[in-house]
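Visitor: I have not looked at this structure before, and I would like to learn how to read some of its features. Could you take me through them slowly?

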Amino acid sequence: MTPDERSTLLDSLLDGDISESDFLRIEAELIVDAEVRQEYYRRLQLGVLLEREAAESLLDPSVHVAAVLDTATDPAIERTPNDTSATRIKSAGMMLLAGTLLAIAASVFVVVPLIRGANEPQDLVAWDPNAATNSERVSRPESEPSASGFAILSGQSEAVWEGVAIGSGGLLPGGELHLKSGLVHLELFSGVQVVVQGEAIFSIDSPMQISMTRGRARAQVPNAAHGFRIKTAAGEVVDLGTEFAVDVTDDRSSVQVVDGEVELRPQGMTAVADSLRLLEGESVELMSDGQVSQTQTADLNLVGPVAFQKELAQSQSNRLQQWQAASERLRTDPRLIAHYQVDPSAEWSRQLVNLAAGRRDVASDGAVVAAQRATDRWGRSGGALDFSRTGSRVRLDVPGSYRGLTLYCWVKINSLDRWYNSLFLTDGHEEREPHWQIMDDGRMFFSVKAPLAESQEEQSFSHKIYYSEPIWDTSLSGRWIMLATVYDVDAQRVAHYLNGTEISSEAIPPESLAEAIEIGAASICNWSQPMYRTDATFVVRNLNGVMDEFAMFNGALSQQEISEIYKAGDPY
């Protein structure tokens, strides 16, 4: 590349009107040539200073921006001694040059675009001009991640919630909760374990308090959480180191001590001295008018946290068997191109067998790189792959051409700490090739680079990216979810799914439609070194999380089919 070509490309890059092909050319130069990087830094700093000077000159009409530009780019330009603005112009130019040199010498970091890939949005990051590559990126979040809630829903059995269903493994939302039927197991951050039986209306006020309007609950309280209480309209039940159960209605609250001791504070009690103590095996009824019935109440017979988890484990075992049978049927589907799972009982060979058996032109077996075996969504050790180690991926090859595409996977995400978090990416991003990943803000990202029409100029072409609504935040960390995306050529739409439910759908513009999908060499949960790389530097795209199932279909699966796949594979 000649110096003139290089200058032209840098100008286009800084102006923001560079074409895709020219971007790749100058990107390669920036990677391998330190002199090109230094020239880019100088131009960028000069542009910033000129903009600042131009803004300031608006306050003084005697200084012309054009003259300042001339002086800044060529400080040797002389003006006539009688030109009163010349002194100002020359001084401004010298100040600009001095500022530029000082900024370059004193700055550890300057702002340049980080290479994300030829077809993806550009962002700004810190770049060390003394480093050989951009691998020494420094990032500092504006604020720490946060989540809201006091308890985790660790399990549920035949639970039906009023309104939007609450998924197992996630944080319970604040405010009043209405469990219409079924059983749920709550784990409060204080360590208290509570099983609630519906119909129940309650709220989790803090790690040490639950308010219950109606329903039945059994709490197991560790030593570190002594003082935990359940508030009802008839009074409060305060733990003193125990396991106890309550049955709450509109006019009374029955309390039974399973183990240990509790303190009762009836409604309207004026002094703590008026409180009552109950020991193991004892029970009473608190009335809404403050009266206490000392008569022995019937055994509440509510399952405790330990027994509930045993029953849940047995139920999950039954669901696992049902899912395995459904998977066997799925593998004979003639649309299935690839289906990968880790067999926890098989000897580990770092090979992931493609289980698709319904067609001849299927994807290859997968080669596991760096990823480690982990516990799958059914609780089986070694039944999933952990991709959190940098460089982790599964390499595969997908031959052929397909009219449309459906992708789905089960993942447990630890965090979204990269700009792009890979689910499935082809090695490059050539015509007809799909990219599927998650943005750092929780949105799913899918794109297929459509082929250029003969009348289309490459520099005017920009491929379409289809985003979902955010599907993940830190409150879902460590929770298994099923993601799916459908590229429907016939309907000319792209749809994203979370846990079997469509969360977004977008039309494919005619100029962006790729009627034939081609994949070739690709990676699951990472992006391989792009074709144009000339050094060992690579963009970090591996998913910080675990995956235990991945499938790919030729064509578009229906909304009902995706919902059925989710229901069959839901471990909760």
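Visitor: Which residue lies over the face of Tyr467, and at what distance from the ring centre?

Guide: Please keep in mind that this is a predicted model. To read such a feature, one looks for the charged end of a side chain above the plane of a ring, and here Arg443 lies over the face of Tyr467, at 4.3 Å from the ring centre. Elsewhere, Arg377 takes up a position over the face of Trp323, with 4.9 Å to the ring centre.

Visitor: How many aromatic pairs does the structure hold?

Guide: There are 8 aromatic pairs in the structure. One of them joins Phe445 and Tyr467 in an edge-to-face arrangement, with 5.7 Å from centre to centre and 80 degrees between the planes. This pair links distant parts of the chain, since Phe445 belongs to strand β22 (residues 443-448) and Tyr467 to strand β23 (residues 465-470), 22 residues apart. Rings can also gather in a cluster, as Tyr340, Phe424 and Phe550 do.

Visitor: Why is Phe445 called buried, and why does Tyr467 count as partly exposed?

Guide: The reading rests on relative accessible area, where under 20% means buried and over 50% means exposed. Phe445 is buried because its value is 0%, whereas Tyr467, at 26%, counts as partly exposed.

Visitor: Which strands pair with β24?

Guide: To read a sheet, one follows the bridges from strand to strand. Strand β19 (residues 405-413) pairs with β24 in the antiparallel sense over 8 bridges, and among these partners Trp410 is matched with Met482 of β24. β24 also pairs with strand β25 (residues 493-498), again antiparallel, over 6 bridges, where Tyr487 has Val494 in β25 as its bridge partner. β24 and β25 form a hairpin with 4 residues between them, and in the turn Gln492 has a positive phi of about 55 degrees. Because 8 of the 9 residues of β24 (residues 480-488) are buried, this strand is largely enclosed by the rest of the structure.

Visitor: Which residues of helix α7 are buried, and where do they fall around its axis?

Guide: For a helix, it helps to look down the axis and ask where the buried residues point. In α7 (residues 559-569), Ile562, Ser563, Ile565, Tyr566 and Gly569 are buried, and they fall within an arc of 160 degrees, so they line one face of the helix. The face turned away from that buried side carries the exposed residues Gln560 and Lys567. The cover over the buried residues of α7 includes α6 (305-330) together with β19, β24 and β25.

Notes. Residues are numbered from 1 along each chain as its sequence is written. This is a predicted model: local features need pLDDT of at least 70, side-chain atom pairs count only at pLDDT 80 or more; totals for chains, interfaces and linings use all residues. Side-chain values use heavy atoms; hydrogens and water are left out. Buried means under 20% relative accessible area, exposed over 50%, partly exposed in between (1.4 Å probe, protein chains only). Helices (H or I, at least four residues) and strands (E, at least two) are DSSP runs, numbered from the N terminus. Two strands pair if DSSP finds at least two bridges between them. The arc is that of the directions from the helix axis to the C-beta atoms. Contact means heavy atoms within 4.5 Å. Rings of Phe, Tyr and Trp (its six-membered ring) pair if their centres lie within 6.5 Å; planes under 30 degrees apart count as stacked, over 60 as edge-to-face and the rest as tilted. A charge sits over a ring if NZ of Lys or CZ of Arg is within 6 Å of the ring centre and within 35 degrees of the ring normal.
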